[in-house]
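Me: Could you take a close look at one part of this model for me? I'd like to hear about one helix, what sits around it, and then the charged pairs elsewhere in the chain.

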Amino acid sequence: MKDSTSMQAIVFDDFGGPEVLVARDVARPEVRPHDLLVRNAAIGVNRADVSHRKGAYGRAHFGESDLMGLEIAGTVVEVGAQVQGFAVGDRVMGIVGGGAYAELSRIDHRMAMHVPESLSLTDAGAVAEVFVTAHEALFHLASLQPGESVLIHAAGSGVGSAAVQLAHAAGARVFATASGDKRDAVTGLGADVFIDYRSEDFQAVVADRTDGKGVDVVVDFIGAPYLERNMRSLGMGGRMVCVGLLGGALAAAVPMDVLLYKHLRIFGTVMKSRPPEVKQAMVQRFAQRWLPALAAGTIRPVIDSTYPLAEAAQAHRRMESGQSVGKLLLIPEQAGQ
């Protein structure tokens, strides 16, 4: 029987495939002055977790914990001495600096959000990382405005599906790329123009549907293979935000004339490696603008599937299959909803 100082968590001894992930009892995290200790009800699985498992960050320890995982939702069971605005028993969701893949996680209260009453804790586990990232790309960096147009790649992914919803809710015209089998799901989230990246050239579709003017914003997760076509798909004064590098990092051709004469702006953004105060500001920007819409159901978490915490390897396999639409979640055994 497990004692009160330990908890179940997912660990790995060597970098590698999903099979390296195993469940093991580890020590509970110690609560620092600004921390909440949360009994997790749902844990978000992110692409960064897969990269972490494969060794992309060079070490198992990354951030504030030896355990992987970036986002949680659950119930507060302990508060640090300097915590403000939260109490034991509160339902919270938010972003952690590692340590999510466990029954209990500590989270800096400045990166936590209260879960709206209308939202279950399972649904709340699918909010923080994807919606905060999407808001940062679309609005803080790209300054997307009502009436503008945006091209969102990988629109069936966690961040992509969040970005489609936020852009639609903000009054933008949404172009979205994904595989054809995800058409209904993506259009259901608010995409105005769906582009099957396997059978259609998104640059040609954008040119045709905008009468050659291009879109105002591109949100890209693919990287090098899309760079030139992304730039040519932007209109005058267009903005592109690179959120991922699923297709690779080194581009063969960069049309500098397009960059110059269209007055383009290109941004890059990541969350995992940012300083805590930067991530805190990102969370607060999202919360201030979008928590009321989340409570009202104007935007909603999109969950592909859930797995017991001990089956984290299966969740990673699902993510790497490319078949998921929305978030994958891990559910600790004792989690009550």
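Reply: Just after α10, Gly322 takes a positive phi of about 75°. This is a predicted model, so read that angle as a computed value. The helix before that glycine, α10, runs over residues 312–321. Its buried residues are Ala312, Ala313, Ala315, His316 and Met319. They sit on the same side of α10, because they cover an arc of only 160° around the axis. As a rule, residues three or four places apart in an α-helix point the same way, since there are 3.6 residues a turn.

So what covers that buried set in α10? The covering elements include the strands β1 (6–11), β3 (35–45), β14 (303–308) and β15 (327–331), along with the helix α1 (47–54).

Now for the charges. One residue of α10's range, Glu320, joins Arg53 and Lys54 in a network of salt bridges. The structure holds eleven salt bridges.

β15, one of the elements over α10, has a salt bridge too: Lys327 pairs with Glu71, with the closest N and O atoms 2.4 Å apart. Glu71 is in strand β4 (residues 71–79) and Lys327 in β15, so this pair links distant parts of the chain, 256 residues apart. Are these two buried or exposed? Glu71 is buried, at a relative accessible area of 1%, and Lys327 is buried as well, at 3%.

Another buried pair is Glu148 and Arg239, whose closest N and O atoms are 2.8 Å apart in their salt bridge. Here the loop between α3 and β8 (149–152) supplies Glu148, strand β12 (residues 234–242) supplies Arg239, and the two are 91 residues apart.

For a local pair, try Arg232 and Glu228, whose side chains meet in a salt bridge at 3.1 Å, N to O. They're four residues apart in helix α7 (residues 227–233), which means about one helical turn separates them. Arg232 counts as partly exposed at 36% relative accessibility, and Glu228 is partly exposed at 29%.

Back to glycines that follow helices: α9 is followed by Gly297, whose phi is positive, near 85°. Helix α9 (residues 276–296) has 21 residues and reaches 29 Å from its first C-alpha to its last, close to the 30 Å expected. There is a kink of about 55° at Trp290, shortly before Pro292. Trp290 is also one of the buried residues of α9, among them Phe286 and Leu291.

Technical notes:
Residues numbered from 1 in each chain as written. Predicted model: local features only at pLDDT ≥ 70, side-chain atom pairs only at ≥ 80, totals over all residues. Heavy atoms only, no water. Expected span 1.5 Å × (residues − 1). Bend = angle between axes of the 7 residues up to and from the residue. Buried < 20%, exposed > 50% of the residue type's maximum accessible area, 1.4 Å probe, protein only. Arc of directions from axis to C-beta. Contact = heavy atoms within 4.5 Å. Salt bridge = Lys/Arg side-chain N within 4 Å of Asp/Glu carboxyl O.
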